[in-house]
Amino acid sequence: MLLKILLGFLCGLSSSAKARAAENETSSQGPLPLLLVSFDGFRADYLQRFPMPNLKLLYSEGVLVEQLTNVFITKTFPNHYSLVTGLYAESHGILASRMYDLDSHKLFKAGKDTDPLWWNQTQPLWITALDSGYKTAAMMWPGSDVTIRNRTATHFSPYSSSVTFQERLGNVTNWMIGNGTEKGVMFAALYWEEPDRSGHIFGPDNTTAMGNVLKEVDDNIGLLISELKRTGLWGRVNIIVTSDHGMAQCSPDRLIKLDDCLSSDDYMLVDTSPVAAIVPHKNPEAAFDKLKKCHTHMTAYLKQSIPDRLHYRNNQHILPIILVADEGWTIVQQGDKLPRLGDHGYDNSLPSMHPFLAAAGPSFRKGYRTTGLQSVDIYPLMCRLLSVPPGPNNGTLAQARCLLAGESCMDAPMVVGLVVGVLLLLTAITLLFRLLKSRRPSGSRPFQRLQLDDDDDDEALLE
Ligand code: AMP
Ligand code: ZN
Ligand code: ZN
C-alpha cells in the first residue's frame, strides 16, 4: 500500500516533467550549434573563493554543475580528451603527459606528438560530428592539430600560447557564423591555458595571485558573452564552459625522493609527478617490492593491480609500475627541488582535482544548479544536443539530461528527498492513526448492550 502511494506520487511528478518536455520539444527548431570552452585547471572551489561576475551571469541564465568528477590521471591531455570522447583514459589512450611504447620504444610528449600510434584508438567529437554532415572547429584543444583516423576538424589552429583568448575567440565565432555560401560550424572546442599556468607557478592557496588570474579568466568570459552578443550568436547557440581538472597546493616539505628507494640505473621514469610511470630495467617485481614501501605518502601499483575504480589498467601503454603521490606531495628524483607550487594529476576522487561546468543557451534549463556529474557524461550530453550518434563511451545521459530544458528528469538528490519525505509523511500518518486508536474507551464497553441482552428483565419483556 505504502509503495503504491509512493509510486503514484512519483509517476505524477514524472508525467508533469514529461509535459514540460513535450512543450519544449514542440518549440525547438532542430539542433543548435554548440561551443565548448575549457579554462585549463579551473578548480571547482575557485567559484566560491573568488568573485566571478561574468561566469555567474552565464550560469544564472543557464545551469551550474558545482563539481565534475574527472578521470584519472587528472592531467591536461587525458582529461581534455575524455571531455570530447566520453571515455576513460584507458579507453581513449591519451594516458599521460608522457607515454612510452614498449614495442617500438617510441616516446609520447603531450603537445609534440601526432603519431597515430597514440591518437588512433578513438576519435573526438569534432571528427564524429563530420559524419552527420556538420562542420566543426577545434581551437588549440589538445589533439586539435592531430590527424586522427585520417581526418581533422574542418577548422583548427596549431597550438600557440602567444595567441590571445580574444584572437582565438574571434576565429571561433567567425567559423561559427560561416559566410553567405558556407554554413557555420555546428561544434567548436576552444581552449585557454589559465588558470592552470598560474596555479602551477603560485599554488592555489596564493589568494592574491590566483585572485588576479581569475579576474582575467572572468574578463575572458565577459569577452565571450559580449562577442556572442555582438555576432548575434547569443541565444542561438548552446555554450558549455568547463575545465579539465583542479589544482593542489604543493610544498618543499612534501617531497618523495624516489632514488632513496631505487637506484636511477634500475628504471626509466616516463611520466613524472604526481603519477609517475616507471619501466624497470630488470625484474619488475623486485623493483615493485622496493617502491611499495618507499614512502607513506606514495602508493605503488603493478599495472595488473591498479584499482578498478581508477579505470586505468586496460591499455597497452600503461607501464609496468605506476606510483601515485598523496594530495600535495611531489615525487622527485634525487637532487631535484620542488618543481611547481601547484600541481594536478592526483587521484580523481579528491575534490581539489575536480573542475566545474556552467552552460547556457536555448537547450539548457535556466537557473538550475546541481552538485555533481561525471566528466565522461558530457560527451553523450553534447551528442544529444547536436543529434549526433555517439561513439562507444563510458558516459551516461541519466544525470546529464537534468541540465536540459525539454527533458524529463529527476536527479538523484531530488528522488532521495522525495522518497524520504513521503516515507516520513506516511510514518507520521500511521503513528497518528495508532495514537487515536489507543485513545478510544476500553474494549469491553461496546459489548455492554450484549450483556444487557442476556439480562433476565429483557427476556421478560420479550415474553
Ligand atoms: P599541464 O602540463 O598538464 O599543466 O598542461 C598544460 C599545458 O599544456 C599548457 O600550459 C600548454 O602549454 C600545454 N597545452 C595545452 N593545450 C595544448 C595543445 N593543444 N597543444 C600543445 N600543448 C598544449
Ligand atoms: Zn590542464
Ligand atoms: Zn597543469
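What follows is a chat about the metal site, a strand, the disulfides and a helix pair of a predicted model.

Q: I'm new to this one, so what kind of model is it?
A: This is a predicted model.

Q: Okay, let's start with the metals: which residues coordinate the zinc ion (ligand 2)?
A: The zinc ion (ligand 2) is coordinated by Asp-40, which is listed twice through OD, together with Thr-76 through OG1, Asp-244 through OD and His-245 through NE2, at 2.0 to 2.8 Å.

Q: How are those donor residues spaced in sequence?
A: The spacing of the donor residues of the zinc ion (ligand 2) reads D-x35-T-x167-D-H.

Q: And are Asp-244 and His-245 buried or exposed?
A: Asp-244 is buried, and His-245 is buried as well.

Q: What separation is there between the zinc ion (ligand 2) and the zinc ion (ligand 3)?
A: The zinc ion (ligand 2) and the zinc ion (ligand 3) are separated by 4.2 Å.

Q: Switching to strands, which residues of strand 5 sit on each side?
A: Strand 5, residues 136-139, has Thr-136 and Ala-138 on one side and Ala-137 and Met-139 on the other, and with these residues all buried, both faces of the strand are covered.

Q: How many bridges join strand 5 to strand 7, and do they run parallel or antiparallel?
A: Strand 5 and strand 7, the latter spanning residues 187-192, run parallel and are joined by four bridges. Within this pairing, Ala-138 stands opposite Ala-189 of strand 7.

Q: What about strand 6, how many bridges there?
A: Three bridges join strand 5 to strand 6, which covers residues 155-157, and these two strands also run parallel. Here Met-139 of strand 5 is the residue that stands opposite Ser-157 in strand 6.

Q: New topic: how many disulfides are there?
A: The count comes to two disulfides. With the bonded cysteines counted along the chain, they follow the pattern 1-2, 3-4.

Q: Where in the chain are Cys-261 and Cys-294?
A: Cys-261 and Cys-294 form a disulfide in which the sulfur atoms are 1.8 Å apart. This pair links distant parts of the chain, 33 residues apart, with Cys-261 in the loop between strand 10 (255-257) and strand 11 (267-269), and Cys-294 in the loop between helix 11 (284-292) and strand 13 (298-302). The link has 75° about the S-S bond and is right-handed, and both Cys-261 and Cys-294 are buried.

Q: Then why is the disulfide of Cys-402 and Cys-409 given a handedness, and which one?
A: The torsion about the S-S bond of Cys-402 and Cys-409 is about 95°, so this disulfide is right-handed. The sulfur atoms of Cys-402 and Cys-409 are 2.1 Å apart.

Q: Are those two cysteines buried or exposed?
A: Cys-402 counts as buried because its relative accessibility is 1%, and Cys-409 counts as buried at 13%; the cut-off for buried is under 20%.

Q: And Cys-250 and Cys-383, buried or exposed?
A: Cys-250 is buried, with a relative accessible area of 3%, and Cys-383 likewise counts as buried at 1% relative accessibility.

Q: Last one: at what angle do helix 3 and helix 10 pack?
A: Helix 3, residues 53-60, packs against helix 10, residues 207-230, at an angle of about 45° with the axes 7 Å apart. That angle makes helix 3 oblique to helix 10.

Q: Which residues make the contact?
A: On helix 3 the contact is made by Pro-53, Asn-54, Leu-55, Leu-57 and Leu-58, and on helix 10 by Asp-218, Asp-219, Ile-221, Gly-222 and Ile-225.

Terms used:
Residues numbered from 1 in each chain as written. Chains lettered and ligands numbered in written order. Predicted model: local features only at pLDDT ≥ 70, side-chain atom pairs only at ≥ 80, totals over all residues. Heavy atoms only, no water. Donors = N, O, S within 2.8 Å, 3.2 Å for Na, K, Ca; no water. Buried < 20%, exposed > 50% of the residue type's maximum accessible area, 1.4 Å probe, protein only. Pairing = 2+ DSSP bridges. Disulfide = S-S within 2.5 Å. Axes fitted to C-alpha atoms, helices over the stretch in contact; angles between N-to-C directions. Parallel < 35°, antiparallel > 145°, perpendicular 65-115°, else oblique. Contact = heavy atoms within 4.5 Å.
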